[in-house]
Structures are given as structure tokens and as C-alpha cells.
Amino acid sequence: MQQVYIVGTGQTPVAEHWERTAVSLAAEAMAVALGPVAPERVGALYVANALGSALQVQAQLGPAVAAAAGMRGVEAYTIEAGGASGGVALRQAYLAVAGGACDLVVVVGVEKVTDVLDGRLEASLALAADVDWEVAQGATLTAQWAMLMRRYIHDYSCEAIDFAPFPVNAHANGAANPAALYRFPVSVDKVRASAPIADPLVMLDCATAADGAAAVVLAGERLARELPGPHIRIAGSAVATDTLALHSRPDPLWLEAAARSAAAALRAAGLAPADVDVLELTDMHGITATLALEASGFAERGTAVQLAREGELRPSGSIPLATGGGCKARGDTVGANGIYQVLDLVRQLRGEGGKAQVPGARTAFAQCLGGVGTTVATHVLVAEQL
Amino acid sequence: MDLAKHWRLRAARYRLEGHRHRTTSEVRFPCEPTPSTVAEEWEPYTLSGVGTIYSFSVVRQPPAGYEEQAPYILALVRLAEGPMITAQLTDCDPPDVAIDMPVEMITRRLRDLGPDGLIVYGYKFRPRLVDA
């Protein structure tokens, strides 16, 4: 096994890209990520995309993106794992380089959601749940998180407004990210006053789906040494799964796949949760981030909302979250989220976080969830001088 | 159309039929297709249809095909025999619902797949009328 480094990053803004296709968004992000590296040097291309088959009704996005990016003929495919697609694709790319099959690979996450009306988008997102036993009853992912939020409030005696620090922090950080969908702050009172979406979730508890593409270039150690630093090493990489249906789990408030993948990725990196300087999670809703923080070992069960209330999510806190705005303010790009997360963390590890910079950040944790934690991919990144 | 699929699921959807283990009496629902050697250990078992609310929400942004039902109450129901399922609540309004509230199964229309499709029936749950 050789060490694997992130040697290039690129992204499009997260936005409503009415005039663009998924393929053109992906090609743009890849061109930025590759920079001066010739497309012919790329050994394999991993395209993370959750909804293309349902929304664009087009399969084989891998070859389509490869051709558009000037690497026709390269090994390329689409990787689908709902909202975890980006992290799972990154894991596949990492394995290809670590195992020595390739020296240079590209991962691009891309999603194009604005071509359809809300009902069809909700139905497509719900494909990540159990179609026969959940979706047939009219379940949506949002409603499932809402049910978990209500149960959490019941079990731990808190209130819906206790989750407000998550969107407030995400928006405060997103305001400084030029690529974010929402670049304005929100207050706790504004969250409280927003309209109900799926009780007890209100509008400002919910991320907005939008279009975008983000890409990373991975290289083996020998090649990475030839390129200018600082170098970002993928120190841990893990994927774990859970039941498709939320109701099949012994304890629905415990995201077992998040716990497993976080533990495996941290173990590989030789780090404990307390060693992580900055993190990105699937913070689609406050409850989503809450359960991920608790399963991943950053908070005891029932305490994540308290840490949030005490300001620990901010760049100055002990678990700085969503420094680029997270899913809430950066925007929910579904299958691309896992790659946008990595880009935001790479900026932190390079000291380019601007107003949201975590002082001296050297280690980072990226975790993305497919469905309600059915597939979870976790990566640990470490800044190194080669 | 998915005719075969809805037909295949009819026992579970119409009468809440799952499986019971012949020796441990463990009940599972919905039952997964199992290899024949394992299947011999499980027998068909119709659940009582009573349970309690684990949690619930009100869906105001429905997926395509459920627009005319919205807003509707979606719940996680812990069945008396142990398994938990996802189901809509009916015959009640959101202020009437609470965690731990007793509910019972009732057969209702889940979806109308249009002039060329099926009308899909299945279980929903309502506040329990009589104490079990």
C-alpha cells in the first residue's frame, strides 16, 4: 500500500445552473482540479452522482464526463450511494492509488437537480430509502429526519429551537464562501420564525438541493513529491452500511454505519476524535449532524445540541463544523456533497479558510451519509510537508 | 405498472402478514425472501395490527404521486409483536398525535397510479378505538 495525496481540487459554485448540464459542470470542476496536468495522465475517473438516472434519465455518466473532459477512453464509471456517493467514489479512487493500480486518478462529484419540480426531486431523493416499505407510505428523507428529531427531543428533553445553532453556524461560515449557495447569516429568531416543512423541522432547519460539481485529483506518494506542497494525505478511508429501512434498526437514533466508518477511518489514521481539528458532516438538518457527531465519537449521546449551544461548532470551538457553509449554506449537492466537503477541508488544511479559518488546522474529518445513514463514508485528511 | 410487485406484497400490505420463528417465536415484518433451508424455520404469521407511536412527522413537501394527500402524518409504529414499521396515520389530526400513543392498523388506499395503473391499497394506522 502506498500513501495517497490530494494534489488538486476544483469546483463550480453551488447554484441553480439553468444553462448547464451535469456533464459540463463536471468537466469544469475537473479542468480546475487538474490544472497543468494533462488529461492523458489520468489513470481512472470516478464520477459520483446520486440522481442522474432518475432526474436526467441518463446512465453511463462516467464515459460521458470522461469524453467531455478530454480523456475519452479512460477507465471511468458512475458511483451511486445516495448522499454518500462522493465519499464512496473517493474511497474507490483512494483504493486504486493505495493498491498501486493507478498513480493518478480523478474523482468528480456532480449533481444537477434543478431541471425538475419539487415533487419529482423529493421522490428521487427518497430512492435512497426503502421504496417498498417506506416510500410506498409517502415517506421522504426529510420526514424521516424529522421523526428522528422529534424522538431525540422526547428522549433527551430538549426543544426544536435547540437545533438552531447548526444552521446559524453554517450560514455564518457560508457567507464567506464564494462558492456557497446562500451567503447571508441567519439568526436563531429567524430560524424559529420560518415555515414548517416536516414538523418539527422548519425551513431554516433544511438544506436546499442545488446544482454543482467538485473534483479532486489523487496521486501516489512518489508523484505527489514532484508537485508543490503543502500536501494533503488521505490518512483514513472507510465505508460502512446499515439497513435500507430506518425502522429495521434496533435503535433508530444510533447511526451504526456512521459509528463504524468513523471508527475505522480514525483508527487507520491513528487519531481519536479529540485529535480532529476541523470537520464536515452531512448537516442536512441539525438532527442529522447531531446524530452523526454522537455516533462518530465527537459527543456523548444526547449532548451534541448542548455543545452546539455552547458555540463549539464555530471555527473557534472544539468541533468546528461546516466551515464552508456545510450542506445548509453551501447547498445540498447530494452525490457531490462528499467531494465539496473535502474541498472545504483542504482549504482549511492549507490555511485558506478566510474568516472561517480554524487556527492551525492540521487534521480534518469528512463524513457523508446516504439516505438516513444507510451508507456512510468517512475520510480523515492530514496536512503534511513532503 | 409494477403489477407483479404489488401482487407479491399483498399478504404483508393487506393483512400485516410477517414471519414467526418456529422455536424462538421471534416475529419479523416485513419478511425478506429467504433460502429454503432458512424458510423452514419461519412460518407465516399475521400480526395483531396494534402498536404505539415511536415518532411522527407531518409531510408538507410530498414526493410526486402523494400531492393530493398532503399534508399527511407519517409515523414510525412499534408493533406489539416487536417489529417497527413506517406508516401513515389516518382518522386523526397532528395535534391529536403523541409519542407512545396506541394505534391500530386499518386498510386504506396508499396510492392511485392513474388511469392505466393500479390503485394501491395497504396498511395505515389510526388511534386505537378499543383497548387491546
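1. The second largest cavity of this predicted model has a volume of about 30 Å³, and its lining is drawn from both chains, being made up of Glu122(A), Thr140(A), Thr142(A), Ile197(A), Ala198(A), Val59(B), Arg60(B) and Gln61(B). Sorted by character, the residues of this lining divide into three nonpolar, three polar and two charged.

2. One residue of that lining, Glu122(A), also deserves attention for its place in helix H5 of chain A, which covers residues 118-125. Glu122(A) is buried there, as are Gly119(A), Leu121(A), Ser124(A) and Leu125(A). A student may find it useful to recall that an α-helix has 3.6 residues a turn, so residues three or four places apart point the same way.

3. What do the buried residues of H5(A) pack against? Their partners, which also belong to chain A, are helix H2, residues 52-55, and helix H6, residues 141-156; Thr142(A), which lines the second largest cavity, falls within the residue range of H6.

4. How many cavities of 30 Å³ or more are there? The count comes to two, and the largest cavity holds about 70 Å³ of space. It is lined by 13 residues, of which Phe166(A), Pro167(A), Ala170(A), Asp283(A) and Lys328(A) are the closest to its centre.

5. Which helix gives the largest share of the lining of the largest cavity? That share, four residues, comes from helix H7 of chain A, which spans residues 165-174. Taken as a whole, the residues of this lining divide into seven nonpolar, three polar and three charged.

Terms used
Residues are numbered from 1 along each chain as its sequence is written. Chains are lettered from A and ligands numbered from 1 in the order in which they are written. This is a predicted model: local features need pLDDT of at least 70, side-chain atom pairs count only at pLDDT 80 or more; totals for chains, interfaces and linings use all residues. Side-chain values use heavy atoms; hydrogens and water are left out. Buried means under 20% relative accessible area, exposed over 50%, partly exposed in between (1.4 Å probe, protein chains only). Helices (H or I, at least four residues) and strands (E, at least two) are DSSP runs, numbered from the N terminus. Contact means heavy atoms within 4.5 Å. On a 1 Å grid over the protein atoms alone, a cavity is a set of points where a 1.4 Å probe fits but cannot get out, and a pocket is an open set with protein on both sides within 12 Å along at least five of seven lines; lining residues have an atom within 4 Å of a point. Grid points are joined across faces, edges and corners, and a volume is the space filled by probe spheres set on the points. Ala, Val, Leu, Ile, Met, Phe, Trp, Tyr, Cys and Pro count as nonpolar, Asp, Glu, Lys and Arg as charged, and the others, Gly among them, as polar.
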